[in-house]
Amino acid sequence: ENVTIPDSVTSIGFSAFEECGSLKSIAIPNGITCINRGTFKNCSNLANMNIPDSVTSIENYAFGDCSKLNSITIPDSVTIINTCAFYMCSALTSITIPNRLNSIAGSTFYYCRNLTSVTIPDSVKSVGSSAFSNCSNLTSVTIPDSVTSIGNGAFTSCSKLNGVTIPRVTKLENNVFSYCSALTSITIPNSVTSIGSNALRIGSSSNKATITMTRTTPPTITT
């Protein structure tokens, strides 16, 4: 089923289309400023979506568990993407993060297992807990120096992640790169003063990575 929302509509309510299993595509009019909480949650056949330039925020679980969503265009007008916005969008293969976004909230792209690469723009200052956790086909991620905080388990179980540059954060939080079993080398910048529990536990004893520290005084390590 395809739906076109008329131009006269200026807002869409919470969970408006939640669990509409037959919905395959929808045209959102220019004038909508917010994709509300749970608006398209669990629309299991929604495959693609174009978000108009009028939208500035995408709220919690807006597209959560849209398991066939494979393509979405997020305009640069979006400055807020809230927790779990694309949670378990397991068919999503690529995403362009808008360059006015200030933070990537917790679990935003959790279990987006078909994402292969991500570039985080310079506008982003923080990456939330579990933001990319269980993105099991993610092979590369670019994190700019503007990022000063990366939350617990942000990249946990990204088992194909083979390259990452850690920005000038002061702490590697618990489990941040745990079970990233394809990582072979990690350079820790001299800004890092503490490393949380299992932050660099990349896998079993057969998974080994070379860890380089540029700091003359070793950081505090929590076990």
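Here a biologist and a modeller talk through how the terms apply to this predicted model.

Modeller: Residues are numbered from 1 along each chain as its sequence is written. In this predicted model local features need pLDDT of at least 70 and side-chain atom pairs count only at pLDDT 80 or more, while totals for chains, interfaces and linings use all residues, and side-chain values use heavy atoms, with hydrogens and water left out.

Biologist: Glad to start! How many helices and strands does the protein chain have?

Modeller: There are zero helices and 18 strands. Both are DSSP runs numbered from the N terminus: helices are H or I with at least four residues, strands are E with at least two.

Biologist: Why is Ser-146 called buried?

Modeller: Buried means under 20% relative accessible area, exposed over 50%, and partly exposed in between, with a 1.4 Å probe and protein chains only. Ser-146 has 19% relative accessibility, so Ser-146 counts as buried. Ser-146 sits in the loop between β11 and β12 (149-150).

Biologist: What makes Asp-122 a polar partner of Ser-146?

Modeller: A polar contact is a pair of N or O atoms within 3.5 Å; within protein, one must be able to donate a hydrogen and the other to accept it, and residues adjacent in sequence count only if both atoms are side-chain atoms. Here a polar side-chain atom of Ser-146 lies 2.8 Å from the backbone oxygen of Asp-122.

Biologist: How do you know that β11 and β13 pair?

Modeller: Two strands pair if DSSP finds at least two bridges between them. Strand β11 (residues 140-142) and β13 have two bridges, in the parallel sense, therefore they meet that rule. One bridge partnership is Ser-140 with Gly-163 in β13.

Biologist: Which strands make up the open sheet there?

Modeller: The order is β9-β11-β13, with parallel pairing. Strands β9 (117-119) and β13 (163-164) are the edges, as each pairs on one side only.

Biologist: And which side chains of β15 are buried?

Modeller: In β15 (residues 185-188), Ile-186 and Ile-188 point to one face and are buried, whereas Ser-185 and Thr-187 point to the other and are not. In a regular strand the side chains alternate between the two faces of the sheet. Strand β15 runs parallel to β17 (residues 210-213), joined by four bridges, and Ile-186 stands opposite Ile-211.

Biologist: Last one: why does the radius of gyration agree with a compact globule?

Modeller: The radius is taken over C-alpha atoms, and the globule rule is 2.2 Å times the number of residues to the power 0.38. For 223 residues that rule gives near 17 Å, and the protein chain has 18 Å, so the two agree.
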